[in-house]
Amino acid sequence: MKRLFGKFVYFIFGWKLVTSADMQKVKKSVMLAAPHTSNWDFLFAIAGFWIMGLDVRYFIKDTYTKSLFGFLFKWTGAMGVDRSARNNLVEHSIQTLNQHEQMVILVPAEGTRKYVDKWKKGFYHIALGANVPVSLGYLDYKEKIGGVLDVFDLSGNEERDFNFIQEKYRP
């Protein structure tokens, strides 16, 4: 049912799903989402995940998961986060990934929808700690294309890995 819904969303809005990544590696990864600039990102990203048949989890303010429609957010893969408290999201995410055969944790590079000068590093530490690759998700609103740019194993050299990632997203 989710796959059909995803295809319906892409069809209605005239979007295409394009990926050149190794989907076997994507199935258990930390997916970086960059840039995250619009609330529409949710609809097109979740539809794309469902078309690809991926089990996805993503962070969202816990007020959404505790609301009247919280069950709906949880059904789509939401993991509620209390932003007023210091939570160890990295460790929690590592444990969650380690408990599943296949799972993608979607993390916006900026950590917010606002413009930032510097990306957050949580996705990097989650991937290293869980020993899973990083997949590079994208949405191109101009071309109406969503997909996965690449998937790769981290080297452990943070500077080199970040340069590689940012070069992939530059175009």
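Strand β3 (residues 56-61) and strand β5 (residues 103-108) run parallel and are joined by three bridges. The model is predicted. Within this pairing, arginine 57 has isoleucine 105 of β5 as its bridge partner. Strand β5 also pairs with β2 (residues 28-33), again in the parallel sense, over six bridges. Here alanine 33 is matched with proline 108 of β5. Strand β5 is mostly covered, with five of its six residues buried.

These pairings belong to an open sheet of seven strands. The strand order is β1-β7-β6-β2-β5-β3-β4, and the pairing is mixed. The edges are formed by β1 (16-19) and β4 (78-81), each of which pairs on one side only. On average, neighbouring strands of the sheet are turned by 25 degrees against each other, direction ignored. In a regular strand, side chains alternate between the two faces of the sheet.

A further contact in space concerns threonine 63 and glycine 80. The two residues are 17 positions apart in sequence, and their C-alpha atoms lie 7.4 Å apart. Threonine 63 sits in helix α4 (residues 62-65). Its relative accessible area is 53%, so threonine 63 is exposed.

The surface carries a nonpolar patch of about 770 Å². Its members are Phe5, Phe8, Phe11, Ile12, Phe13, Trp40 and Tyr141. Helix α1 (residues 2-13) gives the most to the patch, with five residues. Tyrosine 141 comes from the loop between β6 (134-140) and β7 (145-152). With a relative accessible area of 33%, tyrosine 141 is partly exposed. The patch takes residues with over 30% relative accessible area, so tyrosine 141, at 33%, passes this cut-off.

Tyrosine 141 also takes part in an aromatic cluster. The cluster consists of Tyr10, Phe13, Trp15, Trp40, Phe44 and Tyr141. Phe13, Trp40 and Tyr141 are thus listed both in the cluster and in the nonpolar patch.

The count of aromatic pairs comes to 15. One pair is formed by phenylalanine 123 and phenylalanine 162, with ring centres 5.5 Å apart. The planes of these two rings stand at 50 degrees, so the pair is tilted. Phenylalanine 123 lies in helix α7 (residues 122-130) and phenylalanine 162 in helix α8 (residues 158-169). The pair therefore ties together parts that are 39 residues apart in sequence. Phenylalanine 123 has 1% relative accessibility and counts as buried. Phenylalanine 162 is buried too, with a relative accessible area of 9%.

Helix α8 contributes to a second aromatic pair, between phenylalanine 152 and phenylalanine 164. The geometry is edge-to-face, with 4.7 Å centre to centre and 65 degrees between the planes. Phenylalanine 152 lies in strand β7 and phenylalanine 164 in helix α8, so this pair ties together parts that are 12 residues apart in sequence. Phenylalanine 152 counts as buried, at 10% relative accessibility. Phenylalanine 164, in contrast, is partly exposed, with a relative accessible area of 35%.

How values were computed. Residues numbered from 1 in each chain as written. Predicted model: local features only at pLDDT ≥ 70, side-chain atom pairs only at ≥ 80, totals over all residues. Heavy atoms only, no water. Pairing = 2+ DSSP bridges. Helix = DSSP H or I, 4+ residues; strand = E, 2+ residues; numbered from the N terminus. Axes fitted to C-alpha atoms, helices over the stretch in contact; angles between N-to-C directions. Patch = residues over 30% accessible without salt bridge, like charges linked within 9 Å, V, L, I, M, F, W, Y side chains within 5 Å. Areas by Shrake-Rupley, 256 points an atom, 1.4 Å probe, with all protein chains shown as cover. Salt bridge = Lys/Arg side-chain N within 4 Å of Asp/Glu carboxyl O. Buried < 20%, exposed > 50% of the residue type's maximum accessible area, 1.4 Å probe, protein only. Phe/Tyr/Trp six-rings, centres within 6.5 Å; stacked < 30°, edge-to-face > 60°.
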